[in-house]
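Work through the exercises below with the sequence and coordinates open. Each task is followed by a solution in steps.

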Amino acid sequence: MRRVDHPRFTAALQQVEDSIDAAWDSFRTASGVAAEDARELAEVVLQDTSEFDWRVVDGALKQLICPECGAQLGAGNLGCRSCDLANGFRFAARETDRPGVPPGNEHAIRVSSAVARTRHRYTPRARAGYELLLPDLLAGQLPSTAQAQHAKDLVNQLTDDELECLITPADLG
């Protein structure tokens, strides 16, 4: 079974999507903007993403279609100028760690979820590393630097096909 088809991964990805949708809906409602006017609010958010939480920024990106490639803005193939630029915007947004998690957990969730949600934009090695960790990050865990480096070394020893079949970090050996 491929990782992307495994319930561990699909449930984690759905949890991220739900949290982004909830953050966007809450922000839109608090801003007094009706759902049918969300596109204009999304454009305002993208003017300075550093003013907003990353989930609000990702929610804004979900409201917009790329004028160049027609994909959800920031999710098109690499090389699409508008999507490449918008994908970069998401990484300027704020990150606030949730209570009770190690510092840096929210950053790790943001990066891992960005890779998992637009996996076609990343290499098989990057996908494997970030996707394997996403469920554990959502549960409040964060690997140490040494653990992350060890996992990366193991990932680098596998073929692309082997990488797609990894389900949990323990599968690395």
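The structure is a predicted model, and the exercises treat its cysteines, aromatic rings, helix packing and a few single residues.

**Exercise 1. Cysteines**

Task: Determine how many disulfides the model contains, and classify Cys69 and Cys165 as buried, partly exposed or exposed.

Solution:
1. A disulfide is a covalent bond between the sulfur atoms of two cysteines.
2. The cut-off needed here is a sulfur pair within 2.5 Å. By this rule the count is zero disulfides.
3. Take Cys69 as the worked case: the nearest cysteine sulfur belongs to Cys83 and is 3.7 Å away, and Cys69 is in no disulfide.
4. For accessibility, partly exposed covers the range between under 20% (buried) and over 50% (exposed). Cys69 has a relative accessible area of 39% and is therefore partly exposed.
5. Cys165, at 43% relative accessibility, is likewise partly exposed.

**Exercise 2. Aromatic pairs**

Task: Find the aromatic pairs in the whole structure and classify the geometry of each.

Solution:
1. The search over the whole structure returns two aromatic pairs.
2. One of them is Trp24 with Phe27: the centres are 5.8 Å apart, the planes make 45°, and the pair is tilted.
3. Both residues of this pair are in helix 1 (residues 7-30), three residues apart, or about one turn of the helix. An α-helix has 3.6 residues a turn, so residues three or four places apart point the same way.
4. Phe27 also pairs with Phe52: the centres are 5.4 Å apart and the planes are at 75°, so this pair is edge-to-face.
5. The Phe27–Phe52 pair links distant parts of the chain, 25 residues apart, with Phe27 in helix 1 and Phe52 in the loop between helix 2 (38-45) and helix 3 (54-62).
6. Taken together, the ring pairs link Trp24, Phe27 and Phe52 into a cluster.
7. Trp24 is buried at 2% relative accessibility, and Phe52 is buried at 18%.

**Exercise 3. Helix 1 against helix 5**

Task: Describe how helix 1 and helix 5 are oriented, and list the residues that make the contact.

Solution:
1. Two packed helices are described by the angle between their axes and the distance between the axes.
2. Here the axes of helix 1 and helix 5 come within 11 Å and cross at roughly 110°.
3. An angle from 65 to 115 degrees counts as roughly perpendicular, and helix 1 and helix 5 therefore fall in that class.
4. On the helix 1 side, the contact is made by Phe9, Leu13, Val16, Glu17 and Ile20; on the helix 5 side, by Ser113, Ala116 and Arg117.

**Exercise 4. Two serines of helix 5**

Task: State whether Ser112 and Ser113 are buried or exposed, and which residues they contact outside their own stretch of sequence.

Solution:
1. Ser112 lies in helix 5 (residues 105-117), and Ser113 is in helix 5 too.
2. Ser112 has a relative accessible area of 1% and is buried. Ser113, at 0% relative accessibility, is buried as well.
3. With neighbours within four places in sequence left aside, Ser112 is in contact with Tyr130, Leu134 and Leu137.
4. With the same exclusion, Ser113 is in contact with Val16, Trp54 and Leu134.
5. For a polar contact, look at Ser112: its side chain reaches the backbone oxygen of Tyr130 at 3.5 Å.

**Exercise 5. Helix 3**

Task: Establish how many residues of helix 3 are buried and what they pack against.

Solution:
1. Eight of the nine residues of helix 3 are buried, and the helix is mostly covered.
2. The buried residues are Trp54, Arg55, Val56, Val57, Asp58, Gly59, Ala60 and Leu61.
3. They pack against helix 1, helix 2, helix 4 (81-90) and helix 5.
4. At the start of helix 3, a side-chain oxygen of Asp53 comes to within 2.8 Å of the backbone nitrogen of Arg55.

**Exercise 6. Gln147 and Gly173**

Task: Place Gln147 and Gly173 in the secondary structure, and give a C-alpha separation for each.

Solution:
1. Gln147 is in helix 7 (residues 145-155).
2. A polar atom of the Gln147 side chain lies 2.7 Å from the backbone nitrogen of Ser144.
3. Gln147 and Cys165 are 18 residues apart along the chain, and their C-alpha atoms are separated by 20 Å.
4. Gly173 sits in the segment after helix 8 (160-164) and is exposed, with a relative accessible area of 92%.
5. Gly173 and Gln141 are 32 residues apart in sequence and 19 Å apart, C-alpha to C-alpha.

Methods
Residues numbered from 1 in each chain as written. Predicted model: local features only at pLDDT ≥ 70, side-chain atom pairs only at ≥ 80, totals over all residues. Heavy atoms only, no water. Buried < 20%, exposed > 50% of the residue type's maximum accessible area, 1.4 Å probe, protein only. Helix = DSSP H or I, 4+ residues; strand = E, 2+ residues; numbered from the N terminus. Polar contact = N/O pair within 3.5 Å; in protein donor to acceptor, adjacent residues only side chain to side chain. Contact = heavy atoms within 4.5 Å. Phe/Tyr/Trp six-rings, centres within 6.5 Å; stacked < 30°, edge-to-face > 60°. Axes fitted to C-alpha atoms, helices over the stretch in contact; angles between N-to-C directions. Parallel < 35°, antiparallel > 145°, perpendicular 65-115°, else oblique.
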